[in-house]
Every structure is written in structure tokens, then in C-alpha cells.
Amino acid sequence: MLIMSRASGERISEVLTERPDLFNIPHAITEVADGSVDFEQVSFAYPSNPNKEVITNLSVHINAGETIGILGGTGSAKSSFASLIPRLYDVTKGEVRVGGVPVKDYDMASLRDSVAMVLQKNVLFSGTIKENLRWGKENATDVEMMNACRLAQADEFIRDFPAGYDTYIERGGANVSGGQKQRLCIARALLKNPKILILDDSTSAVDTKTDRLIRKAFREKIPDTTKIIIAQRISSIQDADRILVFDNGRMESVGAHEELLESSPIYREIYESQTKEGGDDEGRK
């Protein structure tokens, strides 16, 4: 037991004494003006492998309130692209701007409060649904939580539970389905009233009808929020204002759904494979 405790203590000490790579500059900006995003000739390599660029010379402008779909194969840098917006990492070359301001000039807490990310495997904690939702906004009212859950198409299944919003969630969300867990995580992100909402394959466990209803609610209820949707299913992004197609760290093409069917071999191949296999019913409509 002493040997095990010493090993655990050493690991904890390593974490506590680790110096962060990112830090705030003096007099950092604390207000994000809007949800516009600019990548100016951005290249990026992870600190663990600095000689291998995962993003190379990427330039793109995203307007505030725009809905952007992102598609690409495994390892094409979709998630890496998204992680640079709230400054989870610093770029190797070039510059990322949010609201017209370089992300390095922001107070990191303020920037990340304005950017909500929902991952494919987000975490739910032991506690009630209300307690889990309030991780998004500590002082959220019941009305705010219900509105966020309606947007995320979670309100209906929550009300089906005998205890409703006071239902106890087991550690890791073991007593709810994958789709329910994802919708709760989306609702939690929406409670922050973010200027930028990033969904990183976070509706993968949701059926296509519910996925469509979530996107419809986003268009109608939060038009000023910039929505960046990373997905494997084309049906999840085909009605986006623009779709960015990534391939090996580069933006292979950009355009609306119909444009990309004509101009992008990668997009057309994915679309045809999904429709032929019957895995994208909505895409055939």
C-alpha cells in the first residue's frame, strides 16, 4: 500500500507542478464582440510531435451567425481545427481571430466562456439532471434550463422520467442512452449563451429525425450564434450555409451541399457511399 501510495503521490505532484504552455497576456481583452472566426494562413502541429503539421496553411473566414459544416476522414484535422478557436492550443504559424481579435489577446476564461464545445463523448456527472445542466451556467433558472433542453430536443424525454429534471444521473450517465446523453450535453452548452457553438460529432448517437429537429431549432432560435458542426453524416450538415471539406490537414473544398456534389470528389464519394448503403436516409430526400 505504501508503494502504491507513493506512486500515486508522484503522479499527483507531476500534475500540480506542471507549468501550462498557454497564459494570458497583461491587460487581456475580456469581451468577445461577436462569433466571427478568421484563420489566416494557419499551420499547426501538436507540441508532442512538433515536426508533423496536422493543419497546413489554412485560411477561412466565418461570419457571425453562420452555420458551418465540417466533413473529412479520420485524421483530416477536423477536431484540431475546432480546438484552435477557444485556444486549447496555440497555432504554430499564422493567426486565429474571434470577433476580429487574435485569440492570444483574449483572457482565456472569457474566450472559452464565449465558445461552447460539445464532443462526441462528453461527460455527465453523478447528480441530478439540473445539477449537470448547471455546469453550463451555475445560476441558471429552471426556465432557462427547460428552454435549453427544448432546443436540444431533450425536454420531452426528461419529462418522461418520474422525477423529471430532478432525475438522478449515475456517474458517466450510465442510466441514460447515448443519444439522451448527447442531448443533455448540448443543452448544457446552450445554457452558456455562447457566441460560437461547436458540435464535434455530438449527434452521432441521435436518430436523423431528432438531429434534423435540433438543427431546425438552432436556425430559428439562435440565429446570431455561429454554429460549427463536425459530422460523419452528410445529412447532419447538408443544410449548412457552407461546408468545409478537410483532407490531410488542408481544406480541400468549400461550398454549399449542391455545389460540393459538383466540385468535390471527396464530398461526392462520401455522399454516394452513404446513400447507397442506406445510412443516410435524410440525404436522399
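Asparagine 248 counts as exposed in this predicted model, because its relative accessibility of 62% lies above the 50% cut-off for that class. The residue sits in the loop between strand 11 (242-247) and strand 12, and its phi is near 50°, a positive value in a residue other than glycine. Histidine 27 also has a positive phi without being glycine, here near 60°, and it is found in the loop between helix 1 (2-17) and strand 1 (37-44). With a relative accessible area of 79%, histidine 27 is exposed. The two loop residues are set out below.

| Residue | Phi | Relative accessible area |
|---|---|---|
| Histidine 27 | near 60° | 79% |
| Asparagine 248 | near 50° | 62% |

Strand 12, which follows the loop of asparagine 248, belongs to an open sheet of six strands with mixed pairing, in the order 6-9-10-3-11-12. Strand 6 (115-119) and strand 12 (250-255) are the edge strands, each of them pairing on one side only. From one strand to the next, the twist averages 15°. Within this sheet, strand 3 (residues 67-72) and strand 10 (residues 226-230) pair in the parallel sense over four bridges, and glycine 69 has isoleucine 229 of strand 10 as its bridge partner.

Strand 1, the strand that ends the loop of histidine 27, is largely enclosed by the rest of the structure, because six of its eight residues are buried. Strand 1 runs antiparallel to strand 2 (residues 55-62), to which five bridges join it, and in that pairing isoleucine 62 of strand 2 is the bridge partner of valine 37. Five bridges likewise join strand 1 to strand 4 (residues 93-98), again in the antiparallel sense; here aspartate 38 has arginine 97 of strand 4 as its bridge partner.

Turning to the helices, helix 7 (residues 178-190) lies across strand 6 and strand 9 (196-200), and runs at about 175° to strand 6. Helix 8 comprises 14 residues (residues 208-221), which at 1.5 Å a residue should span 20 Å, and this agrees with the 20 Å that separates its end C-alpha atoms. The buried residues of helix 8 include Thr210, Asp211, Ile214, Arg215, Ala217 and Phe218. They cover an arc of only 155° around the axis, and therefore lie on the same side of helix 8. Among the elements that cover these buried residues are helix 5 (142-151), helix 7, strand 9 and strand 10, of which strand 9 and strand 10 are also members of the six-stranded sheet. At the N-terminal end, helix 8 is capped by aspartate 207, a side-chain oxygen of which lies 3.1 Å from the backbone nitrogen of lysine 209.

A further local detail concerns serine 83, which is found in helix 2 (residues 78-84). At 6% relative accessibility, serine 83 counts as buried, since the class takes in residues under 20%. A polar atom of its side chain lies 2.8 Å from the backbone oxygen of serine 80. If residues up to four places away in sequence are not counted, serine 83 touches Leu88 and Tyr89.

Terms used. Residues numbered from 1 in each chain as written. Predicted model: local features only at pLDDT ≥ 70, side-chain atom pairs only at ≥ 80, totals over all residues. Heavy atoms only, no water. Pairing = 2+ DSSP bridges. Axes fitted to C-alpha atoms, helices over the stretch in contact; angles between N-to-C directions. Contact = heavy atoms within 4.5 Å. Expected span 1.5 Å × (residues − 1). Buried < 20%, exposed > 50% of the residue type's maximum accessible area, 1.4 Å probe, protein only. Arc of directions from axis to C-beta. Polar contact = N/O pair within 3.5 Å; in protein donor to acceptor, adjacent residues only side chain to side chain.
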